[in-house]
Amino acid sequence: MTVRLSEVEVGTEIPLQSFVIRREDLIRYAGASGDFNVIHWNERVARDVGLPDVIAHGMLTMALTGRTVTDWIGDPGALLEYGVRFTRPVSVPDDGVGATIEVTGTVTSVSEDGTVRLSLTATHAGATVLGKAQAVVRLA
Amino acid sequence: MAVNPEFVGRVYAPEGFYVVAREKIREFAAAIGDGNPAFSDVEAARALGYPDLVAPPTFAVVLSLRASRAVVHDPELGLDYSRVVHGEQHFTYVRPIVAGDELVVTTTIEAIRTAAGNDMLTTRGDIATLAGEPVVTTRALLVARGSEGES
């Protein structure tokens, strides 16, 4: 699926996606990214520093949220800017079920040169986990 | 222990260079569960006009995280890394990172401030090719939470 500039206007919504993060996903992401911070895989340490449980890497949540944008635009090189604020940790219990994140996005501006700005929302258990999540893409 | 505010503007030169490998891109894309063919199929990437596999947008953090270790562990900076959480992350792309790129990261401390007992450090990572072509700029806000009893 590749969206075209002529198909978008302010208020256009990108398709909702939901993602499940399980413990094994955190282990895999730690290895792939090189971020071995213990709070992402060890309950004992996570609780010692006051967290309710092991939490997901913020960068994993950012990657999943960004995927809704790159899936929408098709060509990942059409992403010009992407930024988020990590406002709430995502607990990932060792229950075989994991944590679900739902991501939506809305076009907030469209320029004549094809630059399109998006505002993204990522929620877990009914609460937003990212703030100021915005992407800028260029559409043809 | 407070972070030394005189470190604003300090630049950390690249330490070596990073060769972007196809299998590392595939590993990263699998870890984020992203099936975009440009991340795994060389022909699909070439069909989009790229010379080789494209790295997912947040792959840039693999490089900036390595580079920022010299900063956050700089003893003179005085950051207590055990209390650090990732506050914000931003990427500005000139082009996507592709397999075969040989990249260097220059890290700059852009801002240091203290609020509500927390030290906040903004670092910028300028990722460029060995030839000096800019590729991605990363910005991270790191927050060192103040320990209890401190103000």
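## A buried serine in chain A

In this predicted model, A:Ser33 has a relative accessible area of 5% and counts as buried, because residues under 20% are classed that way. Its place is in helix H1 of chain A, which spans residues 23-33. The side chain of A:Ser33 reaches the backbone nitrogen of A:Asp35 at 3.1 Å.

Residues of chain B also touch A:Ser33. Leaving out residues up to four places away in sequence, A:Ser33 touches B:Phe28, B:Val62 and B:Leu65.

## Helix H1 of chain A and its cover

A:Ser33 is one of several buried residues in H1 of chain A; the others are A:Arg23, A:Asp25, A:Leu26, A:Tyr29, A:Ala30 and A:Ala32. An α-helix has 3.6 residues a turn, so residues three or four places apart point the same way.

The cover over these buried residues comes from both chains. From chain A, it includes strand S1 (13-21), helix H2 (43-48) and H3. From chain B, it includes helix H1 (22-31) and helix H3 (60-72). After H1 of chain A comes A:Gly34, with a positive phi near 85°.

## The nonpolar cores

The largest nonpolar core has 63 residues. Those that touch the most other members are A:Val69, A:Trp72, A:Ile73, A:Val137, B:Phe59 and B:Ile97. Helix H3 of chain A, residues 58-73, gives the most to this core, with eight residues. A second, separate core has 13 residues, including B:Val71, B:Val72, B:Leu142 and B:Ala144. In soluble globular proteins, nonpolar side chains tend to be buried together.

A:Val137 shows what surrounds one member of the largest core. Neighbours within four places in sequence aside, A:Val137 is in contact with A:Val69, A:Trp72 and A:Ile73. The other contacts of A:Val137 are A:Ala78, A:Leu79, A:Leu80, A:Gly114, A:Thr115, A:Val116 and A:Leu118.

## A glycine in helix H3 of chain A

Helix H3 of chain A also holds A:Gly66. A:Gly66 is buried, with a relative accessible area of 9%. Along the chain, A:Gly66 and A:Ala133 are 67 residues apart, while their C-alpha atoms are separated by 9.3 Å.

## A buried threonine in chain B

Which residues lie around B:Thr58, apart from neighbours within four places in sequence? From chain A, B:Thr58 is in contact with A:Met59, A:Met62, A:Ala63 and A:Tyr82. From chain B, the contacts are B:Phe28, B:Phe91 and B:Tyr93. B:Phe28 is also among the residues that A:Ser33 touches.

B:Thr58 sits in the loop between helix H2 (42-47) and H3 of chain B. The relative accessible area of B:Thr58 is 3%, so this loop residue is buried.

## Chain B as a whole

Chain B has three helices and six strands. Read from the N terminus, the order is β-β-α-α-α-β-β-β-β. Along the principal axes, the C-alpha atoms of chain B fill a box of roughly 55 × 30 × 20 Å. Of contacts in chain B between residues at least 6 apart in sequence, 68% join residues at least 24 apart.

Chain B has 151 residues, and 50% of them are buried. The exposed area of chain B is about 7,100 Å², of which carbon and sulfur atoms supply 52%. Chain B carries 13 positive and 20 negative charges, and the mean positions of the two sets are 2 Å apart.

Technical notes. Residues are numbered from 1 along each chain as its sequence is written. Chains are lettered from A and ligands numbered from 1 in the order in which they are written. This is a predicted model: local features need pLDDT of at least 70, side-chain atom pairs count only at pLDDT 80 or more; totals for chains, interfaces and linings use all residues. Side-chain values use heavy atoms; hydrogens and water are left out. Helices (H or I, at least four residues) and strands (E, at least two) are DSSP runs, numbered from the N terminus. Buried means under 20% relative accessible area, exposed over 50%, partly exposed in between (1.4 Å probe, protein chains only). Contact means heavy atoms within 4.5 Å. Accessible areas come from the Shrake-Rupley method with a 1.4 Å probe; for residues, only the protein chains shown count as cover. Lys and Arg count as positive and Asp and Glu as negative; His and the chain ends are not counted. The place of a charge is taken as NZ of Lys, CZ of Arg, CG of Asp or CD of Glu. A polar contact is a pair of N or O atoms within 3.5 Å; within protein, one must be able to donate a hydrogen and the other to accept it, and residues adjacent in sequence count only if both atoms are side-chain atoms. A nonpolar core is a set of buried Ala, Val, Leu, Ile, Met, Phe, Trp, Tyr and Cys residues joined through side-chain atoms within 4.5 Å.
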